[in-house]
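Work through the exercises below with the model open. Each task is followed by a stepwise solution.

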Amino acid sequence: MSSKLNFDFVSPMSSIFSGEVDSILIPAKEGDAEILPQHAPFMTALRVGVVEIKLTDSENLKFLIDGGFADIALDQVTLLAERSFDLVKSSKEDFDKIINDVAKDIEISEDDREKEDLLIKKEILEANYS
Amino acid sequence: MANLKELRNRISSVSSTQKITKAMQMVAASKLRRAQENVETARPYSDKLGDILNNLSASFSGQDNAPELLAGNGNDKSHLLIIATSERGLCGGFNTSIVKLAKEHILQLKEEEKEVKLIIIGKKGKELLQRDFGQEIIDIYDFSEVKDLGFIEAEKVAENILSLFEEGKFDICSLYFAKFESVLSQVPVCQKLIPFDIESKVSEEKDIENICYEYEPDEEDILKELLPKNLSVQILRALLENVASEFGARLTAMDNATRNASDMIDDLTITYNRSRQASITSELIEIISGAEAL
């Protein structure tokens with residue numbers, strides 16, 4: 001029995017992460033879900049939120065995504081997201097820039113649902129700002 | 001014998017043209033490498049998305065309630081053709097080969113008395129198609145200001161197509177672009193976007209079909225989100241393939257041009273030297289025969 005998951009995290013312009021991990025926390029449409037090895041085949045749409053990848057007990061990766069899809073089958077997890085932002089490795093300038101962009105988008109946004117998503121995004125960014 | 005000065009001018013003008021083509025070739029070569037990397041990084045995403053869609057659509061096959069983007073709206077009267085070309089010329093037969101394929105299909109569709117609408121991406125395609133099919137063109141995208149074609153541009157095109165589809169302006173949509181196979185070969189292809197082309201992959205996915213997935217939210221809702229996304233991703237892929245193909249075509253074209261120019265310079269130099277030699281000989285003969293006459 002394997003105790004690791006094969007995880008591929010891809011965006012249209014690049015492959016963001018690929019490798020073996022312990023577990024993954026994903027922001028599924030109907031609530032956060034943690035995927036562990038031996039998970040049942042499962043497919044879900046994702047909302048705005050944080051993807052947390054546990055490499056080992058002490059090592060974590062965190063990405064902010066705008067929504068996307070996750071496909072889980074036979075210890076193989078594939079996550080598709082158009083836009084992602086690294087919450088661990090990004091520099092202060094990157095944070096400033098993206099927070100600024102989001103704030104601008106909030107101002108011009110007319111759609112209530114879109115606005116809500118952007119506000120959540122901003123909150124997550126500010127909470128992770130270091 | 002041609003005038004010596006004329007020949008000298010021609011040689012210098014050909015060699016400056018050669019310098020330009022050589023520079024363009026080198027620029028194309030370096031840009032090609034980046035474009036190729038982009039195509040390769042975009043591939044996993046669209047492949048995975050295709051896999052997921054195939055799995056999902058298998059559960060819809062034969063049902064009446066499949067979304068229209070997947071199964072089409074049942075008609076095939078009005079066709080929308082999206083023709084992706086380049087913004088710049090001097091890339092060999094790149095644009096003409098795409099346009100040629102598209103033109104064949106347009107004429108065929110017209111013969112069958114179908115309605116044809118065109119969306120063109122790129123200036124060159126517009127130049128080539130405007131004269132014959134100016135009335136059919138409903139939209140033109142010009143990305144010449146955009147430095148790196150990316151997801152944003154693809155999304156723009158996809159959104160437009162989706163809203164046209166929802167308004168019922170067309171029934172079937174296909175996309176024309178040049179697939180990048182290698183530096184030497186770029187193949188113009190036609191890809192069906194709406195309805196979604198399932199068959200192409202089904203055979204190799206047999207073993208995964210048996211897995212019983214759980215869906216959250218249910219299949220229908222996931223498909224509703226996935227299909228528009230797939231559209232943007234397919235267009236993005238086409239755009240990226242096109243960019244790589246364009247540079248590949250330009251690289252080959254400019255390589256040929258550089259080689260032609262150096263052949264031409266060789267020929268001209270020989271003619272130049274011969275006529276110089278001839279004029280020297282005739283001057284010598286004049287001097288000698290003048291001396292003998294004394």
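**Exercise 1.** How many bridges join strand 5 of chain A to strand 6 of chain B, and do the strands run parallel or antiparallel?

Solution. Start with the conventions. This is a predicted model, where local features need pLDDT of at least 70, side-chain atom pairs count only at pLDDT 80 or more, and totals for chains, interfaces and linings use all residues. Residues are numbered from 1 along each chain as its sequence is written, while chains are lettered from A and ligands numbered from 1 in the order in which they are written.

Next, the terms. Helices (H or I, at least four residues) and strands (E, at least two) are DSSP runs, numbered from the N terminus. Two strands pair if DSSP finds at least two bridges between them.

Now the count. Strand 5 of chain A spans residues 42–46, and 3 bridges join it to strand 6 of chain B. The two strands run parallel. Within strand 6 of chain B, Tyr215(B) stands opposite Met43(A).

**Exercise 2.** Describe the side of chain B that touches chain A.

Solution. Count contacts first (C-beta atoms, placed from the backbone, within 7 Å). Chain B gives 21 residues, in contact with 21 residues of chain A. Then locate them. Helix 1 (4–58), strand 6 (214–216) and helix 8 (219–293) of chain B each give two or more residues. Helix 1 of chain B has the largest share, 7 residues. Finally, sort by class. This side of chain B holds 15 nonpolar, 2 polar and 4 charged residues. Here Ala, Val, Leu, Ile, Met, Phe, Trp, Tyr, Cys and Pro count as nonpolar, Asp, Glu, Lys and Arg as charged, and the others, Gly among them, as polar.

**Exercise 3.** Why do strand 3 and strand 5 of chain B each have one side without a neighbour in the sheet?

Solution. Read the order. The open sheet of 5 strands in chain B runs 3-2-1-4-5, with mixed pairing. Strand 3 (137–141) and strand 5 (186–194) of chain B stand at the edges with a single partner strand each, so one side of each lacks a neighbour in the sheet. From one strand to the next, the twist averages 20°.

Move inward. Strand 1 (residues 78–84) and strand 4 (residues 172–180) of chain B pair in the parallel sense over 5 bridges. Leu80(B) has Cys173(B) in strand 4 of chain B as its bridge partner.

**Exercise 4.** How far apart are the C-alpha centres of domain 1 and domain 2 of chain A?

Solution. Bounds come from an automatic or database domain assignment. For chain A, the assignment gives domain 1 (5–86) and domain 2 (92–128). Their C-alpha centres lie 22 Å apart. Across the boundary, 4 residues of domain 1 of chain A are in contact with 6 residues of domain 2 of chain A.

Note on methods
Contact = placed C-beta atoms within 7 Å. Axes fitted to C-alpha atoms, helices over the stretch in contact; angles between N-to-C directions.
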